[in-house]
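Here's a walk through how two parts of one chain meet. Have a look at the structure first, then read on.

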Amino acid sequence: MLGYVLRRLVAAIPVLAIVAVLVFLMLRLTPGDPAAVIAGDNASSEQIAQVRSKLGLDQPLPAQFAIWIGNLAKGNLGESFFFKKSIGELILGRIEPTLSLAAATMLIAICVAIPLGVVAAYRHGSWLDRIVMGVSVLGFSVPVFVIGYLLIYVFAITLGWFPVQGYQPLASGFGGYLHRLVLPAMTLSVVYIALIARMTRASVLEVLNEDYIRTARAKGQVERKILFRHALKNAAVPIVTVVGIGIALLIGGVVVTESVFAIPGLGRLTVDAVLARDYPTIQALILLFSGVYVLINLLIDLTYSLFDPRIRH
């Protein structure tokens with residue numbers, strides 16, 4: 001098992017290296033000058049040139065890339081052009097809202113989607129099954145920001161149950177922290193409820209036709225025990241895989257949701273950095289997101305290896 005993990009980690013290095021090169025080149029080739037943004041609209045050409053020289057943007061691209069990679073090798077993510085502080089500090093200061101939103105989203109999605117998928121499989125072809133599948137299709141089809149604004153209008157503006165926007169740190173009180181987290185998590189969880197519910201239904205429906213399910217029924221076991229102890233347990237691998245993929249896909253959803261609800265997390269930081277042409281911050285964040293994606297895929301493969309020892313070799 002250890003050898004398998006090490007091989008996968010080594011294989012991830014070229015992937016991250018390619019991501020680093022592509023991100024670096026794409027940022028330099030896109031229109032826009034960070035020096036002009038920082039200097040301001042009324043800055044002269046000489047002032048913009050001074051800012052560009054101070055940021056090191058006047059150096060050749062290979063030299064800029066070598067400096068960035070060298071700093072990364074030392075564990076230094078660099079300094080933000082726009083925020084004027086260490087990128088490591090920026091990420092640490094913004095990571096709590098993003099982790100909180102991601103955890104709450106997946107908790108809601110798993111707790112809602114798996115029971116829905118199991119019941120839909122058990123009631124295959126019934127009106128309940130059709131409703132679950134119809135809602136799943138709707139969840140896939142409607143953009144996250146539309147769901148967010150709809151929930152804000154209903155639950156924040158009309159009913160007044162939740163605040164419209166904002167985030168309260170956990171250190172400031174669990175009640176306020178949870179109160180401001182519910183609506184964004186509900187918004188982001190809709191698409192993952194749809195994804196996990198459909199996969200759960202398909203996996204459980206396939207397992208329900210197996211001989212050991214019929215044997216359990218012949219022994220007189222109650223349906224709830226058959227569904228959740230036998231069927232769901234044996235259908236768990238694809239469901240866990242989809243949950244893992246959903247966690248990886250949260251990256252895109254977090255950016256939109258944090259923007260809609262004005263949550264000061266990594267997603268919002270990414271948007272601010274892009275608007276400000278903050279090259280070092282964008283590079284660090286994309287590399288971080290890519291590393292998380294690779295790590296989650298490794299965990300998914302490890303899950304498979306627990307069920308199929310052949311994968312370990």
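**Where the two domains meet**

Let's start with the polar side of things: in this predicted model, five residue pairs, both members at pLDDT 80 or more, are in polar contact between domain 1 and domain 2. Salt bridges don't feature here, as the count between domain 1 and domain 2 is zero.

So who supplies the domain 1 side? Helix H1 (2-29), helix H2 (34-39) and helix H4 (61-73) each bring at least two residues to the side that touches domain 2. H1 gives the largest share, with seven residues. Sort that side of domain 1 by class and you get 17 nonpolar residues, plus two polar and two charged ones.

Now step back to the layout of the chain. Domain 1 covers 16-87, and domain 2 runs over 94-311. Their C-alpha centres sit 35 Å apart. Where they touch, 21 residues of domain 1 are in contact with 17 residues of domain 2.

How much area is buried between domain 1 and domain 2? People often put the size of an interface as the accessible area lost when the parts come together. For domain 1 and domain 2 the figure is about 1,700 Å², and carbon and sulfur atoms give 75% of it. On the domain 1 side, the residues that lose the most area to domain 2 are Leu16, Leu27 and Phe83, which together account for 29% of what that side buries.

Terms used
Residues numbered from 1 in each chain as written. Predicted model: local features only at pLDDT ≥ 70, side-chain atom pairs only at ≥ 80, totals over all residues. Heavy atoms only, no water. Domains from an automatic or database assignment. Contact = heavy atoms within 4.5 Å. Buried area = accessible area lost by both parts, 1.4 Å probe. Salt bridge = Lys/Arg side-chain N within 4 Å of Asp/Glu carboxyl O. Polar contact = N/O pair within 3.5 Å; in protein donor to acceptor, adjacent residues only side chain to side chain. Helix = DSSP H or I, 4+ residues; strand = E, 2+ residues; numbered from the N terminus. Nonpolar A, V, L, I, M, F, W, Y, C, P; charged D, E, K, R; others polar.
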